[in-house]
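Me: Could you walk me through a structure, one question at a time? I'd like the cut-offs spelled out as we go.

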Amino acid sequence: MLKICFVCLGNICRSPMAEFLMKYKLEKLNKSAKVDSKATSYEEVGNPVYPHIRPYLDKIGADYKNKRAERLQYGDGDYYDYIIVMEARNLTAVKSIVDSKNYGKIFRLCDFTSSPHDVADPWYTRDFDKCYKEIDFALDEFIDFLVKNKLI
Ligand code: 4NP
């Protein structure tokens with residue numbers, strides 16, 4: 001089974017949003033993959049999904065109650081097939097964590113869209129709606145890519 005890890009700075013906002021939205025979308029499509037999310041920093045390790053993110057996940061009935069922020073580890077580079085980051089600085093950070101032989105597994109989520117860009121950190125922008133819309137749209141494009149390449 002394809003293994004995907006979404007990665008952001010804290011693993012309490014963007015990457016858990018992507019993780020649970022991806023799981024929801026895959027289930028609706030009757031597709032399966034192992035989907036997780038992790039952080040590049042230790043800032044929020046052990047903390048639950050940020051309260052401002054929860055309403056978006058409640059809307060899709062996601063069970064995120066037991067999700068706690070985890071930091072990406074060296075071995076994750078071997079374990080996962082795709083490491084999907086939210087912004088360019090996450091990409092640099094992931095490269096400092098995993099082995100260089102796994103750099104080809106790292107992609108920025110919105111690079112799967114026709115307008116490659118960062119998902120801005122809502123921790124700073126406070127624009128959670130924009131964050132949700134960008135992740136929602138880009139995930140559909142990412143799923144299209146996976147389906148077209150017969151990866152799921
Ligand atoms: P995230 O947002 O990377 O989307 O989870 C952040 C959450 C917490 C912090 C930074 C970004 N922080 O510095 O604590």
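Here are the questions and the replies, starting with the ground rules.

Me: What should I know about the model and the numbering?
Reply: This is a predicted model, so local features need pLDDT of at least 70 and side-chain atom pairs count only at pLDDT 80 or more, while totals for chains, interfaces and linings use all residues. Residues are numbered from 1 along each chain as its sequence is written, and side-chain values use heavy atoms, with hydrogens and water left out.

Me: Is helix α1 largely enclosed or not, and how many of its residues are buried?
Reply: Helices (DSSP H or I, at least four residues) and strands (E, at least two) are numbered from the N terminus. Buried means under 20% relative accessible area, exposed over 50%, and partly exposed in between (1.4 Å probe, protein chains only). The rest of the structure largely encloses α1, because the buried residues number 11 of the 15.

Me: Which elements cover the buried residues of α1?
Reply: Those buried residues include Arg14, Glu19, Phe20 and Lys25. Contact here means heavy atoms within 4.5 Å. The cover includes β1 (3–8), β2 (34–39), α2 (54–59), α4 (88–97), α5 and α6.

Me: How many aromatic pairs are there, and which parts does the pair of Phe6 and Phe142 tie together?
Reply: Rings of Phe, Tyr and Trp (its six-membered ring) pair if their centres lie within 6.5 Å; planes under 30 degrees apart are stacked, over 60 edge-to-face, and the rest tilted. The count comes to 11 aromatic pairs. Phe6 and Phe142 are edge-to-face, at 6.3 Å centre to centre and 85° between the planes. Since these residues are 136 apart in sequence, their pair links two distant stretches of the chain: strand β1 and helix α6.

Me: Which aromatic cluster holds Phe6 and Phe142?
Reply: Both Phe6 and Phe142 are buried. The cluster they belong to is made up of Phe6, Tyr82, Phe107, Phe112, Phe142 and Phe145.

Me: Where is Arg126, and what is its phi?
Reply: Arg126 sits in the loop between α5 (122–125) and α6 (128–148). Its relative accessible area is 39%, which means partly exposed. Although Arg126 is not a glycine, its phi is positive, at about 65°.

Me: Is Lys150 buried or exposed?
Reply: Lys150 lies in the segment after α6. Its phi is near 55°, a positive value in a residue other than glycine. With a relative accessible area of 72%, Lys150 is exposed.
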